[in-house]
Protein chains: 4
Amino acid sequence: MLVVMKHRASEAEIDSVVHAIRDMGYDARPIPGAQRTAVGLIGNDGHVDTARLEGMPGVQQCITVTQPFKQVSREWKEDDTVVTLANGTRIGGSEIAVMAGPCAVENEQQIMEAATALRKMGATVLRGGAFKPRTSPYSFQGLGEEGLKLLAKAREETGMAIVTEAVDPDGVDLVAEYADIIQIGARNMQNYPLLRRAGRSGTPVLLKRGMSATIDEWLLAAEYLLAEGNDDVILCERGIRAFNTHTRNVFDLSAIPVVKELSHLPVIADPSHATGIRSKVVPMARAAVAAGADGLIVEVHPDPPSALSDGAQSLYFEQFAELMEQSRVIARSIDRDLLAGL
Amino acid sequence: MLVVMKHRASEAEIDSVVHAIRDMGYDARPIPGAQRTAVGLIGNDGHVDTARLEGMPGVQQCITVTQPFKQVSREWKEDDTVVTLANGTRIGGSEIAVMAGPCAVENEQQIMEAATALRKMGATVLRGGAFKPRTSPYSFQGLGEEGLKLLAKAREETGMAIVTEAVDPDGVDLVAEYADIIQIGARNMQNYPLLRRAGRSGTPVLLKRGMSATIDEWLLAAEYLLAEGNDDVILCERGIRAFNTHTRNVFDLSAIPVVKELSHLPVIADPSHATGIRSKVVPMARAAVAAGADGLIVEVHPDPPSALSDGAQSLYFEQFAELMEQSRVIARSIDRDLLAGL
Amino acid sequence: MLVVMKHRASEAEIDSVVHAIRDMGYDARPIPGAQRTAVGLIGNDGHVDTARLEGMPGVQQCITVTQPFKQVSREWKEDDTVVTLANGTRIGGSEIAVMAGPCAVENEQQIMEAATALRKMGATVLRGGAFKPRTSPYSFQGLGEEGLKLLAKAREETGMAIVTEAVDPDGVDLVAEYADIIQIGARNMQNYPLLRRAGRSGTPVLLKRGMSATIDEWLLAAEYLLAEGNDDVILCERGIRAFNTHTRNVFDLSAIPVVKELSHLPVIADPSHATGIRSKVVPMARAAVAAGADGLIVEVHPDPPSALSDGAQSLYFEQFAELMEQSRVIARSIDRDLLAGL
Amino acid sequence: MLVVMKHRASEAEIDSVVHAIRDMGYDARPIPGAQRTAVGLIGNDGHVDTARLEGMPGVQQCITVTQPFKQVSREWKEDDTVVTLANGTRIGGSEIAVMAGPCAVENEQQIMEAATALRKMGATVLRGGAFKPRTSPYSFQGLGEEGLKLLAKAREETGMAIVTEAVDPDGVDLVAEYADIIQIGARNMQNYPLLRRAGRSGTPVLLKRGMSATIDEWLLAAEYLLAEGNDDVILCERGIRAFNTHTRNVFDLSAIPVVKELSHLPVIADPSHATGIRSKVVPMARAAVAAGADGLIVEVHPDPPSALSDGAQSLYFEQFAELMEQSRVIARSIDRDLLAGL
């Protein structure tokens with residue numbers, strides 16, 4: 001619920017509302033705006049006594065947020081959220097941001113070669129897994145902290161920002177030490193202790209949609225992050241599970257305009273995991289931009305056939321260059337642009 | 001199976017191969033090519049004695065088609081099939097064709113107003129249902145032949161080609177009398193008697209993907225059409241059924257590059273039925289073009305709120321005009337163009 | 001909508017209501033009951049002037065049917081529908097009926113051997129396809145009318161009733177000449193011209209659930225049959241399509257108690273198509289009985305490895321005998337019994 | 001891979017094989033058997049030099065496990081695994097075990113009342129959530145350790161064993177202190193750090209199938225537990241996500257015979273979460289027993305309408321009693337029995 005204050009409400013009046021809300025057993029969060037301040041009442045607000053709040057000095061009205069998710073909804077915040085990284089990359093603004101890199105960090109040469117080449121082609125965020133959640137316990141599970149250090153080195157040399165995955169609550173702090181964006185993977189979308197820890201990390205979070213998550217469930221997972229005070233959340237559509245066999249998942253691109261309408265958070269697309277097949281990544285990356293995605297995250301590897309994981313879906317550098325060029329034209333067809341370079 | 005003839009094979013040698021195949025209990029279909037002729041062996045070819053065929057004069061080799069579908073596969077025919085309509089519209093070539101119109105033909109004024117406006121904005125094929133398969137027996141079921149006559153009138157006045165649905169084998173001939181393209185709807189994708197009749201109609205067929213059809217099943221349905229001698233088949237992705245709730249279906253746009261790789265047939269996209277929500281149609285139409293679709297089929301109504309069916313997903317004229325403009329730019333980003341006008 | 005007449009309403013009063021309804025542009029259908037008669041108003045009843053009907057002599061009240069399906073709903077008819085076949089088999093009563101036989105009629109020996117053995121083991125309805133809808137145009141498509149004749153011969157010799165599929169409207173009359181139950185297959189669940197013809201055939205209909213049909217869509221398809229005057233409709237759950245790979249479909253057994261609550265029609269289960277694997281058919285047949293199914297339809301073949309279609313899911317005779325025995329015990333655990341023999 | 005030793009292989013020979021395997025960079029696990037010992041080679045065994053192992057004294061042969069999962073497969077271990085709890089409940093043997101209780105532990109009175117009543121009706125394992133993963137951050141999240149203490153108290157008073165969920169790696173030890181079985185919920189099926197910790201806990205684990213997990217993925221998740229040395233793993237089918245709307249999930253009961261064939265682990269069924277509707281729980285519980293489930297886990301609440309979570313799917317005591325009675329008869333139809341009481 002949002003308690004909207006009058007235009008000239010005083011600080012004291014706002015404070016009183018905050019205290020009244022807390023007194024009723026809820027959390028209160030002041031949201032200053034250009035014209036007026038609102039105070040968000042956070043918690044299960046089914047039984048709130050709005051009369052008490054509406055009768056207080058300075059209060060104009062109480063607005064019920066009809067969606068199950070609250071702080072992530074457009075009802076709560078009308079303007080688009082723009083997540084700004086240390087290297088200046090903005091996600092959710094008019095420019096489309098591109099994140100690229102190998103599935104997993106494998107060794108120094110691989111990640112440096114990838115970062116240098118991708119940086120030249122215009123990507124501004126480097127992806128690469130150090131902790132890999134793998135379906136089989138016997139598959140390569142990532143380099144761990146060693147991988148994080150290599151990513152940090154690549155950032156130093158290229159200026160790219162780093163996005164990499166955390167897989168358990170205790171690992172969040174470690175990842176946050178090195179990364180510009182903490183990725184929460186599809187398998188962990190409803191791993192609530194992990195979300196809570198990421199919500200308290202102070203670092204932007206990339207939240208992938210779970211394989212069988214409805215859009216409401218996805219936005220409620222994001223709500224866990226915002227509920228802990230982290231507003232820098234980027235959503236990522238990466239394909240859902242259906243009966244298809246020719247691609248790894250079904251890329252639910254309609255989710256992009258749907259999310260843009262329901263929420264103020266930026267939403268990007270991952271055509272690599274959505275399709276799982278190299279030759280389908282470039283067309284589907286273009287489609288994502290055309291559908292209104294705020295960014296792309298794409299797997300690119302210096303030598304895809306030798307990749308330790310996901311080689312079949314990793315692009316060659318030339319393909320990535322083509323994707324950048326085509327995406328720029330498409331972005332401009334809808335009055336946006338491609339962020340290419342810092 | 002394809003029996004590839006030598007470069008200088010004589011007519012008599014080709015004839016002998018045809019007779020030998022028929023003698024073995026299969027159908028034979030000569031496929032002349034620029035360099036050489038091939039003879040397609042049609043039927044369940046699991047037990048064919050290829051030695052007998054390869055030993056014949058003029059035969060170079062026998063090629064097994066590994067896919068379950070045969071004549072629709074790229075192995076059978078490498079070059080893209082281009083379906084050309086009487087008004088010159090080409091589907092499957094470098095230009096992207098746009099089909100548009102109301103869900104159902106409702107009356108003369110409605111269809112004429114739609115046709116005139118859409119023609120001006122560049123659409124070259126008019127869609128409109130005369131026979132409507134409806135989930136409830138108590139819903140409006142279409143005007144029947146009266147609707148076909150109104151479509152024909154709209155064609156006369158505007159030069160647009162007509163695409164409209166046939167729902168039973170006996171109706172195919174009636175629809176073929178009036179239409180340039182016979183549509184087979186998603187519910188009827190595996191209505192084999194209907195497919196056989198459409199395959200014998202001599203009229204191009206638009207084959208929508210069934211709601212839960214795999215791509216192989218869809219191409220096998222198309223095979224029924226080609227098996228009856230109809231090569232003018234256009235495939236149409238229109239969304240599949242999954243667990244989502246915010247859109248009517250899941251628009252499986254990855255199917256477009258997948259089909260383009262497996263088959264030589266043109267494939268278009270229907271963002272209206274895929275999403276079911278007006279505000280999502282334009283972004284998803286753009287995405288379809290970006291993904292490589294050979295055309296679009298879009299519901300547009302002169303007055304969407306008064307539509308007798310599917311009003312919620314029908315575009316206003318202004319939205320359609322915007323879609324045309326954006327699609328043109330996107331088409332050009334991938335070295336294609338939008339066919340806008342005749 | 002149901003117009004419920006008073007306890008002592010006269011014939012003349014009922015007739016007046018029927019005429020008034022027809023006068024308003026709807027169909028009317030008197031439904032006599034033990035205590036009182038109701039008149040069903042059939043058609044899209046969103047705008048009916050109930051005041052006019054409620055003011056008529058003999059009318060007690062008008063009841064709106066809230067479900068999208070009308071005549072198939074429990075609101076329309078509270079008591080279970082029991083479909084009775086010529087050989088006395090009752091489907092939908094307290095006894096569970098068993099239909100069994102090969103996927104396709106292949107030749108006289110096969111169908112006679114199957115019928116004789118199954119009859120001895122207690123099945124009272126013989127299944128066998130004469131017209132087979134096949135995914136590939138090159139697969140065996142059934143014996144056609146020859147197959148129907150063989151089924152009729154098997155009926156003569158064993159007393160079993162016959163259930164077999166019709167695949168197009170024109171074929172319905174032919175199938176109805178030979179069969180006790182016309183089967184509408186999953187691929188044709190929304191083939192409305194076929195449903196309408198089957199609805200007018202005067203023969204009981206077995207309506208399989210479509211591969212991706214919701215329960216509402218399934219019941220609306222049944223409504224097409226009842227809307228044409230055919231009340232003898234048996235529903236059949238046969239598995240839905242999902243992402244699974246170890247079975248052919250997902251057997252949605254929960255649909256059985258759901259349908260029993262929403263509708264008065266009998267519902268049976270087809271564990272053969274639902275699983276597609278012989279070793280899973282018996283356990284899932286048992287599960288269907290335990291879930292409350294009114295019957296089973298099971299593929300059994302005298303020599304499964306030689307079957308022309310669906311051999312991998314056809315039971316051996318011994319397996320079928322075990323299934324009958326186990327199902328009887330399970331039926332009794334829920335105060336029902338297994339109909340075994342005539 | 002399994003290295004099968006000869007009948008009379010000596011301890012020293014077995015030791016040599018273990019060392020050789022470790023020397024090759026894999027883990028080795030001796031599996032003593034009645035007739036002979038096998039040594040399991042654990043890890044990604046794609047490139048193992050079997051010649052070296054087969055040439056060693058005492059080795060009879062090397063068997064490749066063809067499934068992606070290894071230790072959970074029937075190839076690895078042919079006999080059914082039976083998990084035995086401290087109170088004597090055996091899961092996976094000939095008797096079907098029943099776990100029952102409320103969704104969440106709410107207070108002492110509620111859990112005691114439930115435990116006492118369920119114990120009398122024959123359940124031997126008490127379920128109840130202390131840590132609840134909830135879709136919304138604003139929903140009741142469970143009593144935490146206080147809930148665990150109440151469960152332990154209920155165990156003391158009734159002798160029932162306790163199954164309750166752990167939601168993060170750090171919580172596993174705490175849950176293991178109180179519980180007889182640690183539950184891993186559907187949302188956490190691929191939470192690998194959680195699985196690893198549960199695998200090292202020394203406590204039996206109940207692993208629910210993820211909402212969109214294939215059976216292979218589910219068994220691979222179980223492999224994480226066995227790979228850490230925990231053989232006491234119970235699988236639980238609880239419904240998968242599909243397009244249905246009348247039930248919460250689709251209860252994939254065919255998974256039960258499929259899993260029993262692929263794996264030696266016991267598999268139970270959860271009809272409460274699978275259907276989400278009270279009136280469907282009893283029929284589907286019966287169906288699960290008929291399909292071959294080794295046990296049931298059912299939500300029962302002393303006063304369902306007042307439940308803090310999942311009230312709509314919780315059974316009344318009388319319904320549970322009926323379920324026990326019917327399940328016993330069904331179990332006996334397949335030569336099993338119901339474990340009712342200690």
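This note sets out points on aromatic contacts, a strand sheet and helix packing in a predicted model.

1. Aromatic pairs. Over all chains, the count of aromatic pairs comes to four. In chain A, one pair is formed by Tyr192(A) and Tyr224(A), whose ring centres are 4.3 Å apart and whose planes stand at 15°. Planes under 30 degrees apart count as stacked, so this pair is stacked. A pair of aromatic rings is described by the distance of the centres and the angle of the planes.

2. Placement of the chain A pair. The two tyrosines link distant parts of the chain, being 32 residues apart. Tyr192(A) belongs to helix α6 (residues 192-199) of chain A, and Tyr224(A) to helix α7 (residues 215-227) of chain A. Tyr192(A) has a relative accessibility of 4% and counts as buried. Tyr224(A) is buried as well, with a relative accessible area of 0%.

3. The pair in chain D. The rings of Tyr192(D) and Tyr224(D) are stacked, because their planes are at 15°, with the centres 4.3 Å apart. This pair, too, links distant parts of its chain: Tyr192(D) lies in helix α6 (residues 192-199) of chain D and Tyr224(D) in helix α7 (residues 215-227) of chain D, with their positions 32 residues apart. Tyr192(D) counts as buried at 4% relative accessibility, and Tyr224(D) counts as buried at 0%.

4. Charges over rings. Two contacts of this kind join residues of separate chains. The charged end of Arg241(A) sits over the ring of Phe243(C), at 5.7 Å from the ring centre. Arg241(D) lies over the face of Phe243(B), 5.7 Å from the centre of that ring.

5. The sheet in chain C. Four strands form an open sheet in the order β2-β3-β1-β4 (chain C), and their pairing is antiparallel. The edges are β2 (27-31) and β4 (59-63) of chain C, each of which pairs on one side only. On average, neighbouring strands of this sheet are turned by 20° against each other, direction ignored. Strands of a sheet pair through backbone hydrogen bonds, either parallel or antiparallel.

6. One strand pair in detail. Strand β1 (residues 2-5) of chain C and β4(C) run antiparallel and are joined by four bridges. Across from Val4(C) stands Gln61(C), in β4(C).

7. Helix packing within chain C. Helix α6 (residues 192-199) of chain C packs against helix α7 (residues 215-227) of chain C at an angle of about 45°, and their axes are 7 Å apart. The two helices, α6(C) and α7(C), are therefore oblique to each other. The crossing in which α6(C) passes α7(C) is right-handed.

8. Helix packing between chains C and D. How do helix α8 (residues 255-262) of chain C and helix α10 (residues 278-291) of chain D cross? Their axes come within 9 Å and cross at roughly 135°. α8(C) and α10(D) are therefore oblique to each other, and α8(C) passes α10(D) in a right-handed crossing.

9. A residue of chain B. Is Ala154(B) buried or exposed? With a relative accessibility of 0%, Ala154(B) counts as buried. Ala154(B) is found in helix α4 (residues 145-158) of chain B. From C-alpha to C-alpha, Ala154(B) and Tyr192(B) are 31 Å apart in space, while in sequence they are 38 residues apart.

Technical notes: Residues numbered from 1 in each chain as written. Chains lettered and ligands numbered in written order. Predicted model: local features only at pLDDT ≥ 70, side-chain atom pairs only at ≥ 80, totals over all residues. Heavy atoms only, no water. Phe/Tyr/Trp six-rings, centres within 6.5 Å; stacked < 30°, edge-to-face > 60°. Buried < 20%, exposed > 50% of the residue type's maximum accessible area, 1.4 Å probe, protein only. Lys NZ or Arg CZ within 6 Å of the ring centre and 35° of its normal. Pairing = 2+ DSSP bridges. Axes fitted to C-alpha atoms, helices over the stretch in contact; angles between N-to-C directions. Parallel < 35°, antiparallel > 145°, perpendicular 65-115°, else oblique. Left-handed = near helix turned anticlockwise from the far one by under 90°.
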